[in-house]
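Subject: Structure for your review

Dear colleague,

I am handing over the structure we discussed, with the sequence alongside. Please have it open while you read, since the notes below go through it piece by piece.

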Amino acid sequence: MNRLFHRYGTHLSRVLRLVQEKPELGEPLCASAPEIRAEVVHSIVEEEVCYPADFIERRTHLRFERGNGRDAYDAVEELIREHGERLGRVPPDLDLARERFFDELSREDQLRQPHAANLRG
């Protein structure tokens with residue numbers, strides 16, 4: 001709860017209201033992250049998030065944690081499709097956005113490999 005308060009401040013009640021209405025939104029996005037599903041829905045409704053990368057890179061620290069948001073991406077995309085549909089905000093290039101996100105992560109992984117080898121050697 002403390003993490004949520006620090007992130008949302010006076011808007012925390014909006015996030016918690018989502019969980020009251022649909023308790024499954026209180027579930028974590030994935031096992032490796034503390035963010036809950038309601039945070040994504042809040043971002044879709046209140047902040048007009050349309051792409052998973054927007055949530056993962058700009059609304060949380062997931063992009064900079066272990067796994068770089070890979071574990072959370074599917075859950076975020078699913079919520080965008082579900083809740084964005086009701087708001088008319090599902091971008092037509094959502095599949096392309098997925099491809100770009102994971103391609104970028106792959107390129108970063110490749111760049112890190114020689115550096116990691118040099119540190120061990």
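A word on terms before the details: helices here are DSSP runs of H or I with at least four residues, and they are numbered from the N terminus. Please also keep in mind that this is a predicted model, so that every value below is computed from predicted coordinates.

Overall architecture

The protein comes to six helices and zero strands, and its elements accordingly run α-α-α-α-α-α from the N terminus on. Along its principal axes the C-alpha trace spans about 55 × 35 × 20 Å. Of the 121 residues, 37% count as buried, while the accessible surface comes to about 7600 Å², 50% of which belongs to carbon and sulfur atoms. Among contacts between residues at least 6 apart in sequence, 56% join residues that are at least 24 apart.

The nonpolar core

The largest nonpolar core has 29 residues, and those that touch the most other members are Leu-29, Val-40, Phe-55, Ile-56, Leu-62, Val-76 and Leu-79. Two or more residues of this core are given by each of α1 (2–8), α2 (12–21), α3, α4 (52–59), α5 and α6 (94–120), and the largest share, six residues, comes from α5. Val-40 may be a convenient place to start looking: if residues up to four places away in sequence are not counted, Val-40 touches Leu-29, Phe-55, Val-76 and Leu-79.

Helix α5

Helix α5 covers residues 70–87, and its 18 residues should span 26 Å at 1.5 Å a residue, which agrees with the 26 Å between its end C-alpha atoms. The buried residues of α5 are Ala-72, Tyr-73, Ala-75, Val-76, Glu-77, Leu-79, Ile-80, His-83 and Gly-84, a list that includes Glu-77 and His-83 alongside residues such as Val-76 and Leu-79. The helix is followed by Gly-88, whose phi is positive, near 70°.

Ser-43 and its surroundings

Ser-43 lies in helix α3, which runs over residues 37–47, and at 1% relative accessibility Ser-43 counts as buried, because the cut-off is 20%. Where does the side chain of Ser-43 reach? The side chain of Ser-43 reaches the backbone oxygen of Glu-39, at 3.0 Å. Leaving aside neighbours within four places in sequence, Ser-43 is in contact with Glu-48, Val-49, Phe-55 and Arg-59.

Two residues with positive phi

Most residues other than glycine have a negative phi, and with that in mind two loop residues may deserve a look. Glu-48, which is among the contacts of Ser-43, is found in the loop between α3 and α4 and has a positive phi of about 60° although it is not a glycine. Asn-68, in the loop between α4 and α5, likewise has a positive phi, near 55°, and is a residue other than glycine. Are these two residues buried or exposed? Glu-48 is exposed, with a relative accessible area of 53%, whereas Asn-68 counts as buried at 12% relative accessibility.

Aromatic pairs

The structure holds three aromatic pairs. In one of them, the rings of Tyr-73 and Phe-102 have their centres 5.0 Å apart and their planes at 65°, so the pair is edge-to-face. This pair links distant parts of the chain, with Tyr-73 in helix α5 and Phe-102 in helix α6, 29 residues apart. Tyr-73 counts as buried at 1% relative accessibility, whereas Phe-102, at 24%, counts as partly exposed. Phe-102 also forms an edge-to-face pair with Phe-101, at 5.3 Å centre to centre and with 85° between the planes, and Phe-101 is buried, with a relative accessible area of 4%. Ring pairs thus link Tyr-73, Phe-101 and Phe-102 into a cluster.

With best regards

Definitions and conventions
Residues are numbered from 1 along each chain as its sequence is written. This is a predicted model: local features need pLDDT of at least 70, side-chain atom pairs count only at pLDDT 80 or more; totals for chains, interfaces and linings use all residues. Side-chain values use heavy atoms; hydrogens and water are left out. Buried means under 20% relative accessible area, exposed over 50%, partly exposed in between (1.4 Å probe, protein chains only). A polar contact is a pair of N or O atoms within 3.5 Å; within protein, one must be able to donate a hydrogen and the other to accept it, and residues adjacent in sequence count only if both atoms are side-chain atoms. Contact means heavy atoms within 4.5 Å. The expected span of a helix is 1.5 Å times one less than its number of residues. A nonpolar core is a set of buried Ala, Val, Leu, Ile, Met, Phe, Trp, Tyr and Cys residues joined through side-chain atoms within 4.5 Å. Accessible areas come from the Shrake-Rupley method with a 1.4 Å probe; for residues, only the protein chains shown count as cover. Rings of Phe, Tyr and Trp (its six-membered ring) pair if their centres lie within 6.5 Å; planes under 30 degrees apart count as stacked, over 60 as edge-to-face and the rest as tilted.
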